[in-house]
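Hi,

Here is the structure I promised to pass on. Have a look at it first, and then read on for my notes.

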Amino acid sequence: MITFTFPNEYFSPKATLECGQTFRFSPCGESAWLVLCADKACLLKEYAAEVHVSCEEADEQYFRGYFDLETDYAALLKEAEAFGVPVLFEAVRFGRGLRILNQDKAECLLSFIVSQQNNIPRIKGNLSRLCAALGEKKRFAGYDYYTFPSLERLAERDEDFYRSLGLGYRARYVAASSKKLLEEGFSSVEGKTGAELKRALTAYPGIGNKVADCISLFAFRETAAFPVDTWIARLYRENFGGAETDREKINRFFVEKFGPNAGIFQQYLFYYKRERGDAAV
DNA sequence: AATGGACCTGATAAC
DNA sequence: CTGTACAGGTCCATA
């Protein structure tokens with residue numbers, strides 16, 4: 001095991017983990033979290049001025065990439081503030097240290113299918129039962145955890161099995177998309193970006209525009225992908241005086257307004273709106 | 001092209 | 001206390 005550090009001025013484990021982009025983490029004690037992705041685990045500990053990341057030695061580069069540590073968030077926040085939009089200014093202040101993760105593609109795709117019309121505690125329960133049932137048991141730093149299951153294991157189960165884990169009507173989508181992933185891999189999205197990538201992702205059962213944007217942003221580094229859910233739609237009405245109700249139109253409004261990094265700013269806006277929905281700005 | 005209803009489930013709020 | 005609306009939507013059926 002090794003530990004590397006990163007200044008916490010632009011790395012807040014709490015904001016990064018709790019903003020809703022991932023569901024596979026759990027607090028352990030004060031200011032510490034066990035974070036899981038694919039078949040790997042790491043431990044985050046926050047101190048006064050830095051975050052300590054502990055993982056297997058072979059996984060250091062993986063987690064540096066996972067937490068997006070090569071990206072300059074100081075510059076991104078400056079860019080956000082330069083728009084002169086009050087709610088965005090407040091959002092980046094509130095969510096300072098939030099970083100966009102670079103997640104495992106298959107795990108992200110299936111997790112966000114599960115997330116639709118669902119709440120976070122339940123999503124976490126669904127996914128942890130899924131991993132416990134089909135994943136591989138491992139141990140890291142004294143903690144037991146289950147890996148995210150392989151596509152082989154996932155694809156051999158049917159809708160009824162996923163229903164038994166509590167996924168509800170999403171069980172059908174997880175079964176079908178797992179099979180598609182096993183058969184085709186990511187060949188249908190390979191090399192695609194932007195709108196083409198989004199369109200290819202919506203070809204998976206259970207993936208519509210919103211979930212396709214989430215997967216683009218969280219697993220394909222599509223920094224312009226701007227997921228529009230109920231909170232963003234509300235933000236659009238309340239903070240931008242928007243009149244459109246079509247979520248694709250709302251998506252275009254924000255992408256045109258905030259440009260190539262719109263998706264990153266979306267996470268700050270979403271986190272702020274969900275946590276501080278009552279705030280004046 | 002756009003609009004509306006069905007869909008699993010359970011934690012939480014609201015009376 | 002029992003009921004209901006709602007959760008980071010998607011899909012399918014209609015005019």
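Which residues are buried in α5? They are Ala106, Glu107, Cys108, Leu109, Leu110, Ser111, Phe112, Ile113, Val114 and Ser115. Please keep in mind that this is a predicted model. Helix α5 covers residues 105-115, and ten of its eleven residues are buried, so the helix is largely enclosed by the rest of the structure. Its buried residues pack against a mixed set of elements: the strand β3 (32-37) and the helices α6 (120-134), α7 (151-155), α9, α10 and α11 (209-219).

Now for the overall picture. Chain A has 14 helices and seven strands. Its radius of gyration is 18 Å, which agrees with the value near 19 Å that a compact globule of 281 residues would have. Along the principal axes, the C-alpha trace spans about 50 × 45 × 35 Å. Buried residues make up 53% of the 281 in chain A. If we take the contacts between residues at least 6 apart in sequence, 65% of them join residues at least 24 apart.

The surface and the charges may interest you for setting things up. Chain A exposes about 12,500 Å², and carbon and sulfur atoms supply 48% of that area. There are 37 positive and 39 negative charges in the chain, and the mean positions of the two sets are 5 Å apart.

Two of the helices that pack against α5 hold residues I looked at one by one. Leu201 is found in α10, which runs over residues 194-201. Its relative accessibility is 0%, so Leu201 counts as buried. Leaving aside residues up to four places away in sequence, Leu201 touches Leu109, Val189, Ile207, Ala212, Ile215, Ser216 and Phe220. Of these contacts, Leu109 is one of the buried residues of α5. Leu201 and Ser188 are 13 residues apart in sequence, and their C-alpha atoms are 8.3 Å apart in space.

Ser188 turns up again with Lys180, a residue of helix α9 (residues 170-184). Is Lys180 buried or exposed? Its relative accessible area is 16%, so this lysine is buried. With residues up to four places away in sequence not counted, Lys180 touches Gly185, Ser188, Ala203, Tyr204 and Pro205.

Helix α12 (residues 230-240) gives another pattern. Its buried residues include Ile232, Ala233, Leu235, Tyr236 and Phe240. Seen down the axis of α12, the buried residues fall within an arc of 155°, so they line one face of the helix. An α-helix has 3.6 residues a turn, so residues three or four places apart point the same way. The cover over the buried residues of α12 includes α4 (86-94), α13 (247-258) and α14 (262-275).

Finally, here are two backbone details to check in your viewer. Asp68 has a phi near 60°, a positive value in a residue other than glycine. Asp68 lies in the loop between α2 (60-66) and α3 (73-81), and with 6% relative accessibility it counts as buried. Ala141 is not a glycine either, yet its phi is positive, at about 50°. Ala141 sits in the loop between the strands β6 (137-140) and β7 (143-146). At 37% relative accessibility, Ala141 counts as partly exposed.

Best wishes

Methods: Residues are numbered from 1 along each chain as its sequence is written. Chains are lettered from A and ligands numbered from 1 in the order in which they are written. This is a predicted model: local features need pLDDT of at least 70, side-chain atom pairs count only at pLDDT 80 or more; totals for chains, interfaces and linings use all residues. Side-chain values use heavy atoms; hydrogens and water are left out. Helices (H or I, at least four residues) and strands (E, at least two) are DSSP runs, numbered from the N terminus. The radius of gyration is taken over C-alpha atoms; the globule rule is 2.2 Å times the number of residues to the power 0.38. Buried means under 20% relative accessible area, exposed over 50%, partly exposed in between (1.4 Å probe, protein chains only). Contact means heavy atoms within 4.5 Å. Accessible areas come from the Shrake-Rupley method with a 1.4 Å probe; for residues, only the protein chains shown count as cover. Lys and Arg count as positive and Asp and Glu as negative; His and the chain ends are not counted. The place of a charge is taken as NZ of Lys, CZ of Arg, CG of Asp or CD of Glu. The arc is that of the directions from the helix axis to the C-beta atoms.
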